[in-house]
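Please work through the following exercises with the sequence and the coordinates at hand. Each task is followed by a solution that goes step by step.

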Amino acid sequence: RRSSMRTALALLLAAAAAFANAPCDIIDPSLCVFPFPNDYFRPVGPSGVALTNYSNTTWPLDADGKIFDVSNGWNGVNGFSPAQAAITYLPNASLSGTPNLPRLWNMETSLLATSVTALINAETGERVAHWVEADHSSDEWDAADPSKNKRAFMAWPAARLNGSTRYVFAVGPVAALGGGFVQPSPAFRAMRAGASFPGIEPERQAHFEKDIFPLAEAAGLSRGSLTIAWDFTTASDATWTHNMLSMRDQALALVGDNAAYSITSKTPTPRPGVAMEVDGFITVPWFLSSISPDIGTHIVIGSDGKPELQGYNDVPFKLIIPTSVANGSKPATAQYYGHGLFGSASELTNQYLDTEADENGWVMIGVNWIGLCSEDIISDAYMVANDLSLFGFIQARLHQAQTNALLAHRMLFTSLAADPILAVNGQPVLSKASPRRYYGN
């Protein structure tokens, strides 16, 4: 029995060691987390499932030398975002000096066998449309001194990638500033040649031989021409949608067509083109650990693995009824308004919206899109300045914001539609049969 226990423990430790890759992928030594996204950071764990598994030293330190805490929900995900750019660093790369490089203005080049880059669906072998650029968020660029150029090389998919799908990104010869070509890292040069290299395990070399190099060559990039290549797998669609869909379904089951609301003010003809401006509150199911924009706010998950109702909250809304609907000259459309970054529903008072609503018969309603609205500025700024790994609280509040917006829009053509403020000659101007639209700023 002791022998079997020792054997089981040894197997468990071996599995755990295999799961914990070295914190950096040495095929791009410029930054520990590069290239990204990358299945190197998604090893197969003891359970046999491949999940993201970063070290706290994988991500760059912030300006104050603080680590990026991967325990804040970054590990244990079954893949990467389907809208993520493929990112690496190519020292002294000259994008303008590289023929057949797909850019935003000629991304169709990316589908040709002559393209210098290839984003490949590993299941079908087909090229995927994309464009490349140098990272414009970095100002580390000096044309007179190429050694100072530190902009990442980014390849953006032209459309959302498929969920639960492996992709290969391969880069052929890229011109270097001052002449010649960007050279591959020593590790990748060795892998390309099929030679051993310290830190490259035989299993990984075998994976490249079987699952990466052949796909790049089939797409038109010869193995010997590659500057770098790697693969990544997108997360399942359910990974990104399961909490939101559960919150939506629960909210609709709890509220349905009978959203409770209260009206706090009605202002007749506040501006030209507006017959009535209305302020009020809608009562919504709440799934977050906090109502205020506290750092650390999260979706409360129940024992069934789904978001758990925490009670109800009254959320402010703003509504404008255009003159053209009030006087019966235009049929009404139920229009939801999504405000701009760090804005609020009060943007509905902008004159250009008054004009458009009156011209088109839009009855417009909006709520604050919590997570990225005016009330979040301080918390969001604190997170950016102090600990980016806490970004998840914004995501949680955005889930609740989506739920609130859905219910507010639905209220407009259900329970609120029966209110006298939305009647002309005693008849409701909106119903479930009314056109429904979204207007995003």
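**Exercise 1. The disulfide**

Is the link of Cys24 and Cys32 left-handed or right-handed about the S-S bond? Classify the burial of both cysteines as well, and that of Cys373.

*Solution.* The model is a predicted one, and every value below is computed from it.

Step 1. The structure holds one disulfide, and this disulfide joins Cys24 to Cys32 with an S to S distance of 2.0 Å, which is within the 2.5 Å cut-off for such a pair.

Step 2. The angle about the S-S bond is -100°, and the link of Cys24 and Cys32 is left-handed.

Step 3. Buried means under 20% relative accessible area and exposed means over 50%, with partly exposed in between. Cys24, with a relative accessible area of 31%, is therefore partly exposed, whereas Cys32, with 14%, is buried. Cys373 counts as buried too, because its relative accessibility is 0%.

**Exercise 2. A sheet of three strands**

Determine the strand order of the open sheet that contains S1, S3 and S4, and state which strands stand at its edges.

*Solution.* Step 1. The order of this open sheet is S1-S4-S3, and its pairing is antiparallel.

Step 2. Strand S1 (86-88) and strand S3 (130-134) each have a single partner strand, so they stand at the edges and one side of each is left without a neighbour in the sheet. Neighbouring strands of this sheet are turned by 15° against each other on average, direction ignored.

Step 3. S3 and strand S4 (residues 153-157) run antiparallel and are joined by five bridges; in one of the residue pairings, Ala134 has Phe153 of S4 as its bridge partner.

**Exercise 3. The surroundings of Thr117**

Which side chain makes a polar contact with the side chain of Thr117, and is Thr117 buried or exposed?

*Solution.* Step 1. Thr117 lies in strand S2 (residues 117-121), and it counts as buried because its relative accessibility is 0%.

Step 2. The side chain of Thr117 makes a polar contact of 2.8 Å with the side chain of His130.

Step 3. Leaving aside residues up to four places away in sequence, the residues that Thr117 touches include Leu101, Pro102, Arg127, Val132, Phe153, Phe169 and Leu221.

**Exercise 4. The buried faces of two helices**

Find the buried residues of helices H7 and H8, and decide how they are arranged around each helix axis.

*Solution.* Step 1. In helix H7 (residues 351-360), the buried residues are Leu353, Asp354 and Ala357. Seen down the axis of H7, these residues fall within an arc of 105°, so they line one face of the helix.

Step 2. The elements that cover the buried residues of H7 include strand S8 (274-286), strand S9 (311-322), helix H6 (323-326) and strand S14 (436-440). Just after H7, Gly361 takes a positive phi of about 75°.

Step 3. In helix H8 (residues 377-386), the buried residues are Ser379, Asp380 and Met383. Their directions, seen down the axis of H8, fall within an arc of 95°, so they too line one face of the helix.

Step 4. The buried residues of H8 pack against helix H9 (392-412), while the face of H8 turned away from its buried side carries the exposed residues Ile378 and Ala385.

Step 5. The general background is that an α-helix has 3.6 residues a turn, so residues three or four places apart point the same way.

Methods
Residues are numbered from 1 along each chain as its sequence is written. This is a predicted model: local features need pLDDT of at least 70, side-chain atom pairs count only at pLDDT 80 or more; totals for chains, interfaces and linings use all residues. Side-chain values use heavy atoms; hydrogens and water are left out. Buried means under 20% relative accessible area, exposed over 50%, partly exposed in between (1.4 Å probe, protein chains only). Two strands pair if DSSP finds at least two bridges between them. Helices (H or I, at least four residues) and strands (E, at least two) are DSSP runs, numbered from the N terminus. Axes are lines fitted to C-alpha atoms, for helices over the stretch in contact, and angles run from 0 to 180 degrees between N-to-C directions. The arc is that of the directions from the helix axis to the C-beta atoms. Contact means heavy atoms within 4.5 Å. A polar contact is a pair of N or O atoms within 3.5 Å; within protein, one must be able to donate a hydrogen and the other to accept it, and residues adjacent in sequence count only if both atoms are side-chain atoms.
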